[in-house]
Amino acid sequence: MPPLATRVHAPVLLAPASPCPAPRLCLASGARGVGGGFRRGALASEKPAAAAVAVAEKAGGEGGGGGGGEGEGPYDAIVIGSGIGGLVAATQLAAKGARVLVLEKYLIPGGSSGYYRRGGFTFDVGSSVMFGFSDKGNLNLITQALEAVGRKMEVLPDPSTVHFHLPGDLSVLVHRKYEDFINELISKFPHEKEGILKFYDTCWKIFNSLNSLELKSLEEPLYLFGQFFQKPLECLTLAYYLPQNAGDIARKFIKDQELLSFIDAECFIVSTVNALQTPMINASMVLCDRHFGGINYPVGGVGGIAISLADGLVEKGSEIRYKANVTNVILENGKAVGVRLSNGKEFFAKTVISNATRWDTFGKLLKEKELPEEEKNFQKNYVKAPSFLSIHMGVKASVLPAGTDCHHFVLEDNWNNLEKSYGSIFLSIPTVLDPSLAPEGHHILHVFTTAGIEDWEGLSRKEYEEKKEAVANEIIRRLEKKLFPGLQDSIVLKEVGSPKTHRRFLARNDGTYGPMPRGKPKGLLAMPFNTTSIDGLYCVGDSCFPGQGVIAVAFSGIMCAHRVAADIGLEQKSPVLDAGLLGLLRWFRTLA
């Protein structure tokens, strides 16, 4: 499933209140939307927020009507794409005084953390499970990102993270309060009480170490040395667990195979792989932050995060331009100096930050014949994670029993189906928390299941539409049988997105939601950081350390901004230490 908080994200990213940009890729059954209008807490208007719109209109983007002549700049940084990772990097830099230009291919910001509206419903494009939104600690990265540009959002606390419905009628609710969750899990596996406590205590040890540090770039030596001298035990703890995976740690303490399978499911919704392939640091961030800061849903929907960041960026004197399709990174003497759009316009900057996947960055935006060695190593260690089939539905509220939880993970019969296409189902019902997202008397159901793009290639238009309908109906039938009898008849609006939809509207290579290891990884050692082997070019997002998920890509954005700021003179740095550390990090990655 889309990693919780994710990166996750999906189907048809549509402009607010506009007709479907590709009706053939959107399946709108259920005839019509219901009601209309938005009430308390809904996104402020049917358009992106005012400041961001003003810049888009001034720029004209790909649509013409402004934006200046060719060769604009120079900026301190150009950011390609306005996903959460790119927007966090951009706003952090703007807050430090940099002049930043964000170029977004689509009509609104957010990428897979955007939103769209249909028939009175406001749908999150991707995950509705939001980490990093609390008011305490150092891992509340979304809160910090918003505060950096003078923004704050009202949030609604979720009393749980997810309700697991697993083989053998195993049902586990992950309560917001840690003690309630751990007691429930022990009640299911009383013979493994000691192992359960030891595994999750290890997660807390790692989380507390991370949460004690000021999180900046791990590629900036003055920061690293400063943190080490202030918090040596915490830094050593993280160094110890950096090359380790959650499944190996779990097996040190736990023997029951069903419980180990449950921990696989816990990790799968974080990373789309099992526990043996999930870095322990990633698992610990999510498995503990859901209790420390809790899951908090932004009033009006997840799309408001990107709108708020974009507004804050503009108010800091930087720009975001929409309908700006970057096709090339411009190199001069081997250094990234700017970008070219599909209409021929060029923009120049001291640095270029790509929020595209590394496959898109080095396979499409750069026209080099030979992949840099570092990227060869990355592609040797990681493959593209599968995409998703996603279903957005508006349903009659009467189909949901009273007290229905917001998030559900369903794997009915066989643990072996966990990682198979269409094997497991992740479901969010954000209207349980914020009823203003749907017309009165209705709810939103947002469903994901993993799917590879190869299943959807080579089909005629008729075959493609029929397959979407058939697969979606089977998923709905499974949910109807497991959770909500009468679900099919309650649907008033339905849209289905395939991996091809995700590829087209979210500009994700093969619709992927990030990298997954080819085999068993050495923790996070092989994950690339923000710098690249090309001078002046940086990457940010889910194909960089620390990986997938909203909290992870926000971390990536903060790290990237710190590193770029040091390189352009907005932060202090030591060139000698800098060169040594970057060389050491690249050597470590070759070992992995």
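Which backbone nitrogen does a side-chain oxygen of aspartate 256 reach at the start of H9? I looked this up in a predicted model and found the backbone nitrogen of glutamate 258, to within 2.9 Å.

**Entry 1: helix H9**

I then compared the extent of H9, residues 257-271, with expectation. At 1.5 Å a residue, its 15 residues should span 21 Å, and I find the end C-alpha atoms 20 Å apart, which agrees. I next asked how much of the helix is covered. Of the 15 residues of H9, 13 are buried, so the helix is largely enclosed by the rest of the structure. After H9 comes threonine 272, and I note for this residue a positive phi, near 60°.

**Entry 2: the chain as a whole**

I recorded the overall figures. The protein chain holds 18 helices and 20 strands. Its residues number 592, and 64% of them count as buried. I looked up the accessible surface as well: the value is about 20900 Å², with 53% belonging to carbon and sulfur atoms. For contacts between residues at least 6 apart in sequence, I note that 76% join residues at least 24 apart.

**Entry 3: nonpolar cores**

Which residues touch the most other members of the largest nonpolar core? I find Phe164, Phe199, Tyr200, Phe262 and Phe409, in a core of 123 residues. Helix H17, residues 550-567, supplies the largest share of this core, with eleven residues. Apart from it I noted another core of 26 residues, including Met393, Ile425, Ala451 and Ile475.

I followed tyrosine 200 further and set aside its neighbours within four places in sequence. Its contacts include Tyr178, Phe181, Ile182 and Leu185. Phe262, Ile263 and Glu266 are also in contact with tyrosine 200, as are Leu287 and Arg290. Phe262 thus appears twice in my notes, as a contact of tyrosine 200 and among the residues that touch the most other core members.

**Entry 4: strand E12 and its partners**

I turned to strand E12, residues 346-354, which is mostly covered, with seven of its nine residues buried. In which sense does E12 pair with strand E11, parallel or antiparallel? The pairing with E11, residues 335-341, is antiparallel and extends over three bridges. Within it, I find arginine 340 bridged to glutamate 346 in E12. The hairpin of E11 and E12 has four residues between the strands, and glycine 344 there takes a positive phi near 95°.

E12 is also joined to strand E20, residues 537-539, by three bridges, and these two strands run parallel. I noted leucine 537 in E20 as the bridge partner of valine 352.

**Entry 5: two loop positions**

Is serine 134 buried or exposed? I place serine 134 in the loop between strand E4 (121-124) and helix H3 (141-148). Its relative accessible area is 9%, under the 20% limit, so serine 134 counts as buried. Leaving aside neighbours within four places in sequence, I list its contacts as Asn140, Thr143, Gly293 and Asn296.

Glycine 150 lies in the loop between H3 and strand E5 (155-157). Its relative accessibility is 63%, over the 50% limit, and therefore glycine 150 counts as exposed. I also looked up the separation of glycine 150 from glutamate 315: the two are 165 residues apart along the chain, and their C-alpha atoms are separated by 9.0 Å.

Key
Residues are numbered from 1 along each chain as its sequence is written. This is a predicted model: local features need pLDDT of at least 70, side-chain atom pairs count only at pLDDT 80 or more; totals for chains, interfaces and linings use all residues. Side-chain values use heavy atoms; hydrogens and water are left out. Buried means under 20% relative accessible area, exposed over 50%, partly exposed in between (1.4 Å probe, protein chains only). Contact means heavy atoms within 4.5 Å. Accessible areas come from the Shrake-Rupley method with a 1.4 Å probe; for residues, only the protein chains shown count as cover. A nonpolar core is a set of buried Ala, Val, Leu, Ile, Met, Phe, Trp, Tyr and Cys residues joined through side-chain atoms within 4.5 Å. The expected span of a helix is 1.5 Å times one less than its number of residues. A polar contact is a pair of N or O atoms within 3.5 Å; within protein, one must be able to donate a hydrogen and the other to accept it, and residues adjacent in sequence count only if both atoms are side-chain atoms. Two strands pair if DSSP finds at least two bridges between them.
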